[in-house]
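Colleague: Before we discuss the terms in your description, could you show me the model and then take me through how each label was reached?

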Amino acid sequence: MSTLSQDDLKTLVGHAALKYVVLGEVVGVGTGSTVNKFIDALATIKEQIKGAVSSSNASTERLKALGIPVFDSNEVDELAVYIDGADEIDRQGFMIKGGGAALTREKIIASQSKQFVCIADESKLVTTLGRFPLPVEVIPMAAQRIIRQFRAMGGEAQIRLRDGQPLVTDNGQHIVDVTGLQITDPLKFETQVSQWPGVVTVGVFAFQKAHVCLLGTAQGVQTLTF
Ligand code: 5RP
């Protein structure tokens with residue numbers, strides 16, 4: 001019996017997401033290795049869509065390289081569907097996102113979309129959010145104070161580095177990653193942390209939760225609806 005690798009599961013859900021694309025319209029596209037599989041699949045129906053709104057420079061490059069037109073989010077009204085991955089998703093559709101540092105644009109496009117379809121392999125399904133280090137995009141001058149605020153909550157936070165330097169997001173800001181949290185009330189948590197001065201976006205997607213999750217499992221694609 002052949003076993004599916006994590007990469008196979010990503011390919012499976014990336015293809016399964018095509019069914020949610022509304023033909024003739026612009027589709028919202030997220031960021032990450034699972035979304036890359038979706039973008040590759042989307043290229044096979046590119047003549048049947050108007051184009052995409054993209055949540056990162058990396059996805060924009062991939063979309064354009066495959067000949068899919070990319071629109072600015074301000075050029076389009078409400079999107080029918082936004083397709084993106086997650087670092088964690090629970091049984092209510094609440095997610096942690098931002099492992100690829102694209103959380104701010106992801107939340108913006110999710111808020112502009114009628115339906116959020118999350119594509120993920122089964123390793124991402126959790127009972128309580130918090131096992132994955134929570135990404136938070138911050139204004140650099142507020143980073144150390146925000147790190148202290150998370151410490152007071154019982155979390156350990158650090159600035160994400162790339163090549164020994166603070167990673168700079170597509171929006172010119174920094175990311176702090178927070179470990180040691182058990183996010184039992186994602187709506188309350190997102191409300192609270194979003195109000196801290198200097199927080200651009202917290203990677204808890206509770207208000208912009210998924211409506212559907214296509215979960216790649218050894219038995220095939222499971223569809224969870226929330
Ligand atoms: C990027 C994200 C991604 O959706 C998340 O990190 C999952 O990525 P991958 O599909 O590579 O596991 O939130 O900011």
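**Ligand shell and helix packing**

Modeller: The residues of the shell around the ligand divide into three nonpolar, eight polar and six charged. This is a predicted model, in which local features need pLDDT of at least 70 and side-chain atom pairs count only at pLDDT 80 or more, while totals for chains, interfaces and linings use all residues. Residues are numbered from 1 along each chain as its sequence is written, and side-chain values use heavy atoms, with hydrogens and water left out.

Colleague: What makes a residue polar in that division?

Modeller: Asp, Glu, Lys and Arg count as charged, Ala, Val, Leu, Ile, Met, Phe, Trp, Tyr, Cys and Pro as nonpolar, and the others, Gly among them, as polar.

Colleague: How do you know that G98 makes a polar contact with the ligand?

Modeller: A polar contact is a pair of N or O atoms within 3.5 Å, and an oxygen atom of the ligand is 2.8 Å from a polar backbone atom of G98, so the pair qualifies. For the side chain of D84, the distance from an N or O atom to a ligand oxygen is 3.4 Å, which also falls within 3.5 Å.

Colleague: Why is α2 called roughly parallel to α3?

Modeller: Helix α2 (residues 33-42) and helix α3 (residues 57-65) pack at an angle of about 25°, with their axes 10 Å apart. Because angles under 35 degrees count as roughly parallel, α2 is roughly parallel to α3.

Colleague: And why is α1 called oblique to α2?

Modeller: Helix α1 (residues 6-16) and α2 pack at about 50°, with axes 8 Å apart. That angle makes α1 oblique to α2, because oblique is what remains outside under 35, over 145 and 65 to 115 degrees.

Notes
Polar contact = N/O pair within 3.5 Å; in protein donor to acceptor, adjacent residues only side chain to side chain. Axes fitted to C-alpha atoms, helices over the stretch in contact; angles between N-to-C directions. Helix = DSSP H or I, 4+ residues; strand = E, 2+ residues; numbered from the N terminus.
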